[in-house]
Structure formats: structure tokens, C-alpha cells
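These are my notebook entries on a single protein model. I set down what I looked up, one topic at a time.

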Amino acid sequence: MKCAYLLASVVLASVTSAQVSVDWITTHDVAAGVNCYARAVAVDATGRVAVGSRTFFSTPSGSSGDFETVLYGSDGTLMWSRTENVNDSDWCSSVAFDAAGGLFVAGGGVQNSFPSVSGRTLLHYDALGNLLWSNNLTGAGSNSNFGYALALCPNGDVILAGKRNSDLSLERFDPAGNIVWSWIADAGDGGDDWLNAVAVGPGGDVWATGAVSSAPGLDIVVLRVTSAGVPLWIRTVDGTAHGIDVGNSLVVDAAGNTSVAGSIVVYHLGHLEQDAAIARWDPAGNLAWLRTYDGTAHYADHASQIALDPFGRIVAAGAVYNTVTETDLAAWCLDTSGNLIWQRTWNGRFNGHDWFRALAVDALGAVWVCGESSESGSYTPRDLTIASWDSTGAFRWSWRYPGAGPGTNQTAVCAAVSGNNVIVAGSDDGVTPTQWDTFILKLNRTADEYCFGDGSSTPCPCANASVPEQHAGCTNALGRGARLVDKGTSSLAADTLVLAGSQMSNGDALYFQGTSSISAGAGELFGDGLSCVGGTLIRLGSSTNVAGASRFPDVGDPSVSVRGLVTTPGSRRTYQVWYRDASVFCTTANFNLSNGLLITWTL
């Protein structure tokens with residue numbers, strides 16, 4: 001059974017500080033008695049969503065697991081699903097769209113044989129779901145061969161990273177499935193080596209990270225090979241002589257600098273502990289810096305995923321252990337010199353273990369951290385949990401999808417799409433009793449910030465542009481731009497929306513609403529800033545800024561929807577705050593404005 005749920009038909013619980021809504025939730029049930037676990041997700045430029053899963057049979061079967069690949073339209077409509085049995089027990093690890101709208105699916109599996117045989121697998125589907133080819137590269141051992149990650153090359157080739165016979169492996173395939181080159185290396189001491197992540201960077205060169213054996217532990221490994229498969233450098237990081245150090249994820253910038261997220265074991269106060277690790281190498285392989293982060297307890301802290309935000313900053317996410325709230329989701333934002341800009345943690349509703357699963361950074365630099373939360377001292381029940389911070393590190397919202405069954409909703413991956421939307425894929429044991437089903441949901445923000453005074457919109461009147469990371473209006477006499485954000489929910493049935501202004505001069509402030517934006521959202525010059533709100537204007541209310549901040553509604557004020565005469569679900573309104581500023585700062589005017597907000601009102 002494959003079905004899509006409307007938001008109204010799903011029991012949801014959410015704690016939101018700002019606007020987030022669910023466009024659609026879709027579940028994928030393979031067949032009776034078959035469990036399906038989401039493992040990877042990808043989104044193309046049109047908003048189509050591909051999910052790679054692993055099936056597992058709860059009833060006797062000749063195969064104990066298959067590749068399950070599903071493609072959905074941008075509205076959650078099922079386009080096709082395919083099941084492939086390559087080895088006797090198969091696992092999906094990664095999925096990616098090719099240039100023609102088809103899909104590459106990577107993973108591996110184990111064959112029921114003696115001696116044991118395992119394979120690293122790459123599948124290629126066309127846009128209609130036809131299997132173009134399947135390549136399964138086998139070797140000895142039940143856990144010695146696997147494809148953990150893939151990356152696309154500019155010419156349409158694909159790189160598969162993993163391990164072959166417990167050695168590091170990189171293989172390049174052309175679109176027809178032929179191996180262009182294969183690079184295999186034992187970079188450790190002869191033990192188990194593997195690559196967790198791979199990226200194609202400037203000039204088509206390939207970067208990868210993972211771990212290599214360094215008895216009795218592991219070291220982080222980072223490497224670069226040319227587009228022809230020739231190794232340029234291999235680097236390792238050893239926290240201690242006995243630690244388990246692993247590189248989990250990497251990102252490469254346009255200049256060829258490589259940033260890696262992982263974990264490293266270090267000595268602290270006379271004992272060993274695992275810390276989250278974020279490190280950066282220059283294009284020549286020189287270690288620029290290494291940063292470690294520790295929770296309040298000496299436990300298994302880690303950084304699992306990493307990305308670059310729209311401002312070129314490094315964002316990583318994982319988990320840290322706290323003596324009071326146990327394992328919490330964590331996110332870090334650093335500049336390219338390794339300076340910590342902000343660090344945030346999120347404790348789920350159960351005050352217990354919160355397991356990190358996925359990171360997404362959207363077009364505005366908002367950071368979405370996805371995982372699951374469980375009760376203190378227990379691992380069930382678990383809820384899918386999502387927390388988000390904006391580019392400044394300010395908390396914006398959290399969202400929770402409670403498990404319908406006795407077990408858990410497990411977030412597998414999430415990816416930012418077309419600006420403000422995010423796709424989350426996971427597994428739920430409550431949709432179909434006694435078995436697990438894959439589910440996919442699409443979240444978006446019903447409040448979109450726009451019309452920034454940072455030069456991305458109409459230029460500010462006196463070259464008084466604000467810092468892009470702030471998403472604010474044009475700079476005022478205090479040297480900062482005013483910021484307008486939303487809090488609460490823009491629901492006509494339960495309106496808790498608050499328009500919160502900050503970074504303004506102390507004095508008068510006017511909050512107002514419009515029915516459209518000006519100059520397609522770019523705004524026009526007005527006073528020392530930009531006027532962003534147009535159409536039919538309504539003065540919501542005035543306030544006096546204290547410590548540069550105010551809000552509407554305040555105590556005793558009507559709600560935004562009542563004051564703004566909004567009565568129809570789906571209505572879109574624009575908002576801005578006008579405020580007094582120094583009379584001799586920029587133009588002859590003595591006022592400025594914040595950025596704009598575009599809000600969609602729900603039922």
C-alpha cells in the first residue's frame with residue numbers, strides 16, 4: 001500500500017517558535033510482512049523526491065533484504081517504485097539524480113554462501129524507473145565490501161566510495177555502467193579501512209573521508225585523487241594511540257578546501273573521551289585547523305554531517321552527551337578560519353536520548369537538524385524530532401511527529417529544496433501494525449523573510465548595506481539593520497502569530513500589513529531603508545522600542561489576523577516595521593525599515 005496523508009488526517013504534535021507547516025506526508029508500504037527502512041533521499045531542481053530504502057522480511061523468504069527505490073512528484077504523488085534483489089541481503093546507502101532525471105542508487109550486501117561473499121553495489125535507473133544497469137563488485141568476507149556514498153561528475157560519470165576487501169575504494173563509472181578507473185588502497189595497518197563520504201570538487205577531482213585501521217583503533221582519513229584516479233594526497237588524524245577516530249562527512253568549496261565532520265578520541269582529565277570533531281584541509285592537503293567539541297559528560301559526542309551555508313560558512317551537526325538530558329542533537333557554525341560563530345543543542349520532549357540522523361541547510365542559511373527522541377533511560381517510544389535555527393543561530397522552530405506504534409519514527413536523511421522547503425525521510429512502525437514502513441514528509445515555512453538591506457535586493461540609499469547573514473533591513477545609525485521575524489503560528493483558528501522586531505533604534509515603531517510586495521520583493525528606496533510592503537495597507541499597531549526591540553501584538557492588542565482583517569485560509573500577507581532613526585545618519589529622513597515578511601495564513 002502506498003498512500004499520501006493530508007495534514008488534517010495525521011495526529012501531529014508540535015512545539016513551534018515560528019512558522020512551519022507540512023505540505024504532505026507519504027508512506028510507502030511494500031507488502032504484508034515486509035519492513036521498509038528509508039536510508040537516503042535526494043531532491044531534484046523540479047522538486048521530485050527520490051528515496052532509497054532497504055526492505056527486510058519479517059516472514060521466511062529466500063532473500064532477507066532488497067533495494068527499494070521510490071520516486072515522488074513535488075506534491076507527494078507516487079511516480080514509481082522499484083525493488084531489486086542483488087545480493088541475498090542488500091542495504092541502500094545513497095541515492096542521487098543524474099542529469100537526465102534518472103537515479104543512481106548505491107549500497108551493498110551479503111550473499112548466503114560459504115565462504116562469505118559481499119558486494120558493493122551501484123544501480124542506475126532512467127527517469128521512468130527502468131533499470132538501465134546494475135553493477136555489483138564482490139569480494140571475500142561478509143563485511144568487507146560495501147558502497148557507502150556516491151558523487152556525480154560534471155560529464156555524467158558517477159563516483160562510488162566505500163571499501164573493497166576491507167581497503168579504501170573509489171571507482172568511477174560512466175553512464176553506461178563501465179568502470180572508467182578503480183582506486184584501491186590500504187592506508188592503515190592492514191585492518192578494516194573504508195570511506196564514508198565522497199565529493200567531486202574543482203576541476204573534477206575527487207575528495208573522500210572515512211577511517212583507516214591503526215591498531216588497536218581507527219584514524220580519520222582524508223584524501224584527494226585526480227579526475228583520472230591518480231592520488232594526490234592522503235592524510236590521517238589520530239586523536240590518541242588507542243582511539244576510534246572516524247571521518248563521517250565532508251564538503252569541498254570552490255577553491256578546493258575540504259571540511260570534514262567526524263569524531264575523535266582524546267585524553268581529558270586523565271581519561272579517554274570521544275568528542276565531536278570538525279577539521280579543514282587546504283587544497284594541497286595541509287591541515288588548516290581541527291576543532292573538537294565536548295558535551296557536559298565524557299561520552300560519545302560526534303559530528304556526523306557537514307555543509308556550507310549560503311555565506312560560505314561551515315555548518316556541522318551531530319550529538320553531544322549531557323549528564324542531565326542525556327544525548328542531545330547538536331549543531332555548530334564556524335567561519336573558514338575555524339572560529340566558532342554559534343553552537344546549539346536540542347533536547348527532545350522526553351528529556352532522554354535524542355539521536356541525530358540528518359542535516360539540511362536551506363537557501364536562507366537556516367539549519368535543520370533531524371533525528372529522534374526517546375524517554376530518559378529508555379530507547380522507546382521514540383518520536384521523529386526536527387529543530388531549526390536561522391543563520392544567526394537564533395532558534396526558529398521545532399516539529400515533532402509522534403510514533404503511532406510501540407517503537408520509533410527514525411529520520412534517515414533530509415535535504416533542503418527550492419529555498420525554504422525541506423524533505424525528511426524515515427521509518428515508522430505504527431503505520432502498518434507489526435511492521436515498519438518508509439515515510440516521507442515535506443515541510444516548509446509559512447513565513448518567508450525577503451527584501452533584505454544587504455545588497456541582494458534594491459541597493460540601500462547610502463550604501464548602508466547590512467550583513468547578509470543577518471537577513472535584516474538597511475543599516476541604521478547604530479550600525480545594524482532592523483530585523484523582523486515571526487513567532488507563533490499564523491492559524492486563523494488559533495492565531496498566535498507575533499511579529500517581533502529587533503536591532504532598531506529606541507523610539508517609535510509602526511507595524512503594518514500589505515497584500516503584495518514591492519518590485520517583486522526587491523523593495524524601493526524609502527527614508528534610510530527599503531519599502532517592501534505594497535497593495536492594500538493596514539496599520540496594525542504602534543509601539544515604543546526598548547533595547548531596540550518591540551512586537552505586535554503586545555499585551556492587550558488584537559491578534560494579527562483580527563487587526564489585519566484576514567479571514568480566508570491560504571491568504572498571503574506582507575509585513576514590515578517602520579521605526580524612527582537618527583536625523584543625520586543617511587538621508588534627510590529620520591526613519592528606517594526592517595526586512596519584509598511574507599506570511600501564508602492557514603486554517
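**Entry 1: an aromatic pair and its strands**

I began with two aromatic residues and found Phe104 and Trp133 both buried. Their rings form a tilted aromatic pair, with 6.2 Å from centre to centre and 55 degrees between the planes. Phe104 belongs to strand 8 (residues 103-111) and Trp133 to strand 10 (residues 131-140), so I recorded a link between distant parts of the chain, 29 residues apart. I then followed the ring pairs further and noted a cluster of Phe104, Trp133 and Phe173.

**Entry 2: confidence**

I note that the model is predicted. The average pLDDT of the protein is 88, and 89% of the residues score at least 70. I marked residues 1-16 separately, as the pLDDT there is below 50. This stretch nevertheless has 42 contacts in the model beyond near neighbours in sequence.

**Entry 3: strand 8 and its partners**

I returned to strand 8 and asked how many of its residues are buried. The count is 7 of 9, so strand 8 is largely enclosed by the rest of the structure.

I looked up the pairing with strand 7 (residues 89-97) and found 8 bridges in the antiparallel sense. Within this pairing, Ala96 stands opposite Phe104. The hairpin of strand 7 and strand 8 has 5 residues between the strands, and Gly101 there takes a positive phi near 90 degrees.

Strand 8 also runs antiparallel to strand 9, joined to it by 9 bridges. The bridge partner of Leu103 in strand 9 is Tyr125. A hairpin of 5 residues connects strand 8 to strand 9. In the loop between these two strands I located Pro115, and the peptide bond from Phe114 to Pro115 is cis, with omega near 0 degrees.

**Entry 4: further aromatic contacts**

I took the total of aromatic pairs, which comes to 11. One of them is the tilted pair of Trp80 and Tyr125, at 5.5 Å centre to centre and 45 degrees between the planes. Trp80 lies in strand 6 (residues 78-84) and Tyr125 in strand 9 (residues 117-125), so this pair ties together parts that are 45 residues apart in sequence. Both Trp80 and Tyr125 are buried.

I also checked for a charge over a ring and found Arg54 over the face of Trp91, at 3.7 Å from the ring centre.

**Entry 5: Trp281**

Is Trp281 buried or exposed? I found it buried, with a relative accessible area of 3%; the cut-off for buried is under 20%. Trp281 is placed in strand 21 (residues 271-281). Leaving out residues up to four places away in sequence, Trp281 touches several residues, including Val222, Trp233, Arg235, Asn257 and Leu287. I recorded 9.9 Å between the C-alpha atoms of Trp281 and Leu223, which are 58 residues apart along the chain.

**Entry 6: an open sheet and a hairpin**

I traced an open sheet of 4 strands in the order 11-12-13-14, with antiparallel pairing. Its edge strands are strand 11 (146-152) and strand 14 (179-185), each paired on one side only. On average, neighbouring strands of this sheet are turned by 20 degrees against each other, direction ignored. Inside the sheet, strand 12 (residues 158-164) and strand 13 (residues 167-173) are joined by 7 bridges. Leu160 stands opposite Glu171 in strand 13.

Elsewhere I looked up strand 25 (residues 326-334) and strand 26 (residues 340-346), an antiparallel pair with 6 bridges. Leu329 stands opposite Trp346 in strand 26. The hairpin has 5 residues between the strands, and Gly338 takes a positive phi near 90 degrees.

**Entry 7: backbone exceptions**

Most residues other than glycine have a negative phi, and most peptide bonds are trans. I therefore listed the following cases under the heading of exceptions.

- A cis peptide bond joins Phe552 and Pro553, with omega about -5 degrees; Pro553 lies in the loop between strand 43 (550-552) and helix 1 (560-563).
- His471, not a glycine, has a positive phi of about 50 degrees. I found His471 in the loop between strand 34 (447-450) and strand 35 (483-487), buried at a relative accessible area of 5%.
- Ala547, also not a glycine, has a positive phi of about 55 degrees. Ala547 is placed in the loop between strand 42 (538-544) and strand 43, and is exposed at a relative accessible area of 71%.

How values were computed: Residues numbered from 1 in each chain as written. Predicted model: local features only at pLDDT ≥ 70, side-chain atom pairs only at ≥ 80, totals over all residues. Heavy atoms only, no water. pLDDT = per-residue confidence, 0-100. Contact = heavy atoms within 4.5 Å. Pairing = 2+ DSSP bridges. Axes fitted to C-alpha atoms, helices over the stretch in contact; angles between N-to-C directions. Phe/Tyr/Trp six-rings, centres within 6.5 Å; stacked < 30°, edge-to-face > 60°. Buried < 20%, exposed > 50% of the residue type's maximum accessible area, 1.4 Å probe, protein only. Lys NZ or Arg CZ within 6 Å of the ring centre and 35° of its normal.
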